[in-house]
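Open the model in your viewer and keep the selection tool at hand. The stops below can be taken in order, with each selection leading on to the next.

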Amino acid sequence: MIRSVRTRLFIGVNCLIVLFVTISWTLNSRYLKTYYIFEKKKTLAQSSKLVDKIYEGEPYLIALELEKLERNAGINIMILDESQDIKYDSSVRIFEKFEPRKRIDYRIHMELSEMQRQQNRKAMFKITKDPRIKTDFLNYIYLLKNEEYLVLSTPLAAMHESAQIANHFFFYSGILTFIVGSIAAFIFAKKFTKPILELNDIALRMTKLDFSKKYLIQTKDEVAELGKSINSLSDQLDKSITELTQANEKLQRDIEHERKVDEMRKEFISSVSHELKTPIALIQGYADGLKVNVNEDEENKNFYCDVIIDEASKMNNLVRNLLDLSQIESGYFHLEKRVFDLSQLIENVAYKYQPIFKDKHICVSVEKEDNIMVDADSIRTEQVLVNYLNNAIDHVDNKKIIGITAKADNKKVRVTVFNSGKHIPKDCQDKIWKSFYKVDKARTRMYGGTGLGLSIVRAIQELHQNAYGVVNTEQGIEFWFELDRVEVL
């Protein structure tokens, strides 16, 4: 971004550095000399008080202290008596004891005369110029306690030079400060804007419905509070969108379920109408024939009555199967599970079907263990086994072989009903469990099947939450279902 926060912060900090450096340099250039003179005046005043404190009238007694003061403070010291004769001059080291008296410079003489005229004045500052070396001096004249005069002088050229050097140094240090400050400003701007960029990245991800990234809170400032708000907003949006997505998916499933239910309803009505149309037409036709006495002999009348009874029985079976399937699939039917002996149930069913097996010349074999205890609804389990047997009887081929097998492991019991016959195509193996589906409609009509038996098996097994299925074998077809086994102690 051309005008990013980081860029503006970097430029702003640099401008502040330049402003402060410029202000400081300007103040130094204009007022540093004045400040030096002010400080020098204070030094001269303090030095005069120190000399006044230790001076007893003989300069040579304090010569060492005077020399230290000269060296450390960078000043010239002169002591004059009441007649303005020199008793001590640091520039020539004149002592009254060793050298004859010497008159002072007329400029200082004028200043002393001015002080004498002002009787209450004890000290004064004066800037004078030495014509010989053409240098300005700051002079401080102080009246000592013994009525002698102390004259302290310091050249202004040294102060001007120090101020100039200080200004030059500050100029270069200002440039260095600007460079270092720019680097520091860049680092600071980068560090300062880093969390803002992270929050911006999180916000951009949120616009794309990506709520996986969260802001890592490491401080306790306003940015951290903003990060908490962004994290909270992200969680709430994630939760709301997830709930909305789930609700939308549920709605789509409900719509799809309603569509399938509507299609199943239409298919069901069509199938039921088709299944009922033929027996009703036969019953109506043969009943009309009996009414008008189409055949007067007793044998034909009995035949007509047998047809009517047979078709009515088919309609009754169809209605009963429809009621069973409707109750199971609607959820109103509940299993009555109990522990029972599956081996005994298989023997009872096989025994009931012995007349049918003999009548159709079917060879039946039963392979099972004794006392196989299972936990299931015994009535519905028998219904599953009976539907498999009826299906096997209806589809057995000329070999006339049917086999019932029960094999148990630690948790499940698998019951298999085998019949020799044609294989079921793979594309039909999932469809045969639907209501009214028939692989061979002509053959189904011949033995009077309704196409509901395997649908009932599917519904009962799903209620038991157990598996079921069909397998093509080399000799024929195997239908199987599983039950929960119970260990008997």
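Begin by selecting C15, which counts as partly exposed because its relative accessibility is 48%, a value between the 20% and 50% limits that separate buried from exposed. Keep in mind throughout that you are looking at a predicted model. Then select C363, whose relative accessible area of 52% makes this residue exposed. If you wonder how many disulfides there are to display, a search of the whole structure finds zero.

Now move to the largest nonpolar core, which holds 38 residues, and select L342, Y388, L389, I402, W433 and F479, the residues that touch the most other members. To see where this core draws its residues from, colour the elements that give two or more of them, namely helix 7 (342-352), strand 9 (373-376), helix 9 (378-395), strand 10 (401-408), strand 11 (412-420), helix 11 (453-464) and strand 13 (476-485). The largest share, seven residues, comes from helix 9.

Stay with this core and centre the view on W433, which, once its neighbours within four places in sequence are set aside, is in contact with Y388, L454, S455, V457, R458, Y468, G469, V470 and F479. Apart from this core lies another one of 21 residues, and you can find it by selecting some of its members, including A45, L69, L150 and M159.

Next, select helix 11, where nine of the twelve residues are buried, so that the helix is mostly covered. The buried residues are L454, S455, I456, V457, R458, A459, I460, Q461 and H464. If you place a distance between the end C-alpha atoms of helix 11, you should find 17 Å, which agrees with the 16 Å that its twelve residues should span at 1.5 Å a residue. Just after helix 11 comes Q465, which has a positive phi, near 60°.

From there, go to N387, a residue placed in helix 9. Is N387 buried or exposed? With a relative accessibility of 15%, N387 counts as buried, and, leaving out residues up to four places away in sequence, N387 touches G453, I456 and V457.

For the last stop, select E311, which lies in helix 6 (residues 298-330) and is buried, with a relative accessible area of 5%. Add A281 to the selection and draw a C-alpha to C-alpha distance: E311 and A281 are 9.6 Å apart in space, while 30 residues separate them in sequence.

Notes. Residues numbered from 1 in each chain as written. Predicted model: local features only at pLDDT ≥ 70, side-chain atom pairs only at ≥ 80, totals over all residues. Heavy atoms only, no water. Disulfide = S-S within 2.5 Å. Buried < 20%, exposed > 50% of the residue type's maximum accessible area, 1.4 Å probe, protein only. Core = buried A, V, L, I, M, F, W, Y, C linked by side-chain atoms within 4.5 Å. Helix = DSSP H or I, 4+ residues; strand = E, 2+ residues; numbered from the N terminus. Contact = heavy atoms within 4.5 Å. Expected span 1.5 Å × (residues − 1).
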